[in-house]
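Dear colleague,

Please find below the structure that I am handing over to you. My findings follow it, arranged by topic for a first reading.

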Amino acid sequence: MAAPLDDMFSFCVDPGKVSTCVDVRFIDNIKGKGLFAKKSIKKGDTIFLERPLVSAQFLWNALYKYKACEYCLRALETAEENARRLSGNPGLSLPHPELCRVRPELHQACPQCQVMYCSSECRQAAADQYHRVLCLGSSQDDPDHPINKLKDAWRSMHYPPETSSIMLMARMVAVVKQAKDKAHWQKLFSHFCSRTGNEEEEIAHKLLGEKFRVINKIDDSLARISKDVIVLQWFVPEGFRSLFALVGTNGQGIGTSSLSRWVHACDALELPAQQKEQLDSFIDQLYKDIEKETGDFLNCEGSGLFLLQSSCNHSCIPNAEASFPDNNFLLQLSALSDINPGEEICISYLDCCQRDRSRHSRHKILRENYLFVCSCPKCVSQMDELDMTSEEEEEEEGEAEGETEGDEMEDEMTDV
């Protein structure tokens, strides 16, 4: 029951090569499909590179002036501009500014609504895929425009840190509406749908909390974007919940940072020992200043839907991880350990700290946020171990209460 090659590998950089390395197989009705190695993969190998079907910056992230390409999410600030904003020091100067790869002279704006892109290629790609439907034109500041109402409704019911983006749903609608072959895109998006109606409603409740009762605000705003019958099926209650569950459980966090790229370039410099020590000291102090001024939210953040990567199931001892080394939405899946032919390729939905918790606490987080019980080798091997005391459980549960599914996304984003 492997998914068609044309679908599952079509957004990979080299689909032919990837198809010889991995395979998508149906496992069972509980886990659904999974990604499996077709040949030996060595630790550190890149398994594949993949573009998303759609991606979008988080709305709160954009509101707080984290500038990213509207299409590929590449950071638009130079490393120095980024460092100045995050540290709150407008006079800061970075050494080795030539290492910054941001090229402002290539940036382009949409002529109608003025949203920014990192290049003419991204501007054209967005226009061809979805932006003609979503372009606000001269209505950027019109509070009654359906898209502005959609954004306001989402922000009013989903405070930061965001774990998904309502604009993913808007772009899915726009893609189908704008596409010549609407059925093809419906088919692509259908690969993410495997939930029952009750699960979908539970996911929507989880993502919106007490605000679930005003979900019609979002439903109405999205429906006003499209008049196509093939899209409007998403706007009956069951269809909307399905769309919401699709985004909520399959959205992969994306993080980009021009400062991070600059720091990695500095690390690769071959300098005399004293100069290297001075540069490292400068970077260490910069991070301290940023932590004091900004805290943990350092990256331009958003989320995307990735066809092949979405086939990766969870394990508390993952053998692969996703990253974004090109400072845009291009996802790289890399091996964390040697992977044998026939072995399932798994990532972790939990961050490092969560994976170090007890089996009880890990299961609690996964049940609440992803609606499944983990049966990975680590969890199975711990089933026969002595349970924690009630006091330890209560302490760990109290810590887990303060965490959200966004922890998993932040862990998989490119670190600054």
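Where is V13 found? V13 is in the loop between α1 and α2. Please note before reading further that this is a predicted model, and that the values below are computed from it.

V13 and its surroundings

With a relative accessible area of 53%, V13 is exposed. Leaving aside residues up to four places away in sequence, V13 touches L49 and L330. The C-alpha atoms of V13 and L49 are 5.6 Å apart in space, although 36 residues separate the two in sequence.

Overall composition

The secondary structure of the protein amounts to 19 helices and 12 strands. Of the 416 residues in the protein, 52% are buried. If one takes the contacts between residues at least 6 apart in sequence, 73% of them join residues at least 24 apart.

Aromatic pairs

The structure contains six aromatic pairs. One of them is formed by F11 and W185, whose rings meet edge-to-face, with 6.1 Å from centre to centre and 70 degrees between the planes. This pair links distant parts of the chain: F11 belongs to the loop between α1 (5-8) and α2 (15-19), W185 belongs to helix α8 (residues 182-190), and the two are 174 residues apart. Both F11 and W185 are buried. Ring pairs also bring in F189, so that F11, W185 and F189 are linked into a cluster.

A charged side chain is placed against a ring elsewhere: R85 lies over the face of Y66, 4.3 Å from the ring centre.

Packing of α5 and α7

Two packed helices are described by the angle between their axes and the distance between the axes. For helix α5 (residues 120-134) and helix α7 (residues 166-178), the axes come within 8 Å and cross at roughly 105 degrees. Because angles of 65 to 115 degrees count as roughly perpendicular, α5 is roughly perpendicular to α7. On the side of α5, the contact is made by A127, D128, Q129, Y130, H131, R132, V133 and L134. On the side of α7, M167, A170, R171, A174, V175, K177 and Q178 take part. By character, the residues of this contact divide into eight nonpolar, three polar and four charged.

Positive phi values in the loop between α3 and α4

Most residues other than glycine have a negative phi, and most peptide bonds are trans. Two residues deserve a remark in this respect. K65 has a phi near 70 degrees, a positive value in a residue other than glycine, and L73 likewise has a positive phi near 70 degrees. K65 lies in the loop between α3 (59-63) and α4 (79-87), and L73 is also placed in the loop between α3 and α4. Are K65 and L73 buried or exposed? K65 is exposed, with a relative accessible area of 58%, whereas L73 is buried, with a relative accessible area of 3%.

Residues K31, L331 and I365

K31 is located in the loop between β1 (22-28) and β2 (32-37). Its relative accessibility is 34%, and K31 therefore counts as partly exposed. Not counting residues up to four places away in sequence, K31 touches N313 and E344. Between K31 and H314 the C-alpha to C-alpha distance is 9.6 Å, while the separation in sequence is 283 residues.

L331 is part of strand β11 (residues 331-335). At 0% relative accessibility, L331 counts as buried. Which residues does L331 touch, not counting those up to four places away in sequence? They are F48, L49, E50, Q252, F306, Q309, A322, S323 and F324. L49 thus appears twice in this message, as a contact of V13 and as a contact of L331. L331 and I254 are 77 residues apart in sequence, and their C-alpha atoms are 8.4 Å apart in space.

I365 is placed in helix α16 (residues 359-370). With a relative accessible area of 5%, I365 is buried. I365 and Y349 are 16 residues apart in sequence and 9.7 Å apart in space, C-alpha to C-alpha.

With kind regards

Note on methods:
Residues are numbered from 1 along each chain as its sequence is written. This is a predicted model: local features need pLDDT of at least 70, side-chain atom pairs count only at pLDDT 80 or more; totals for chains, interfaces and linings use all residues. Side-chain values use heavy atoms; hydrogens and water are left out. Axes are lines fitted to C-alpha atoms, for helices over the stretch in contact, and angles run from 0 to 180 degrees between N-to-C directions. Helices (H or I, at least four residues) and strands (E, at least two) are DSSP runs, numbered from the N terminus. Angles under 35 degrees count as roughly parallel, over 145 as roughly antiparallel, 65 to 115 as roughly perpendicular and the rest as oblique. Contact means heavy atoms within 4.5 Å. Ala, Val, Leu, Ile, Met, Phe, Trp, Tyr, Cys and Pro count as nonpolar, Asp, Glu, Lys and Arg as charged, and the others, Gly among them, as polar. Rings of Phe, Tyr and Trp (its six-membered ring) pair if their centres lie within 6.5 Å; planes under 30 degrees apart count as stacked, over 60 as edge-to-face and the rest as tilted. Buried means under 20% relative accessible area, exposed over 50%, partly exposed in between (1.4 Å probe, protein chains only). A charge sits over a ring if NZ of Lys or CZ of Arg is within 6 Å of the ring centre and within 35 degrees of the ring normal.
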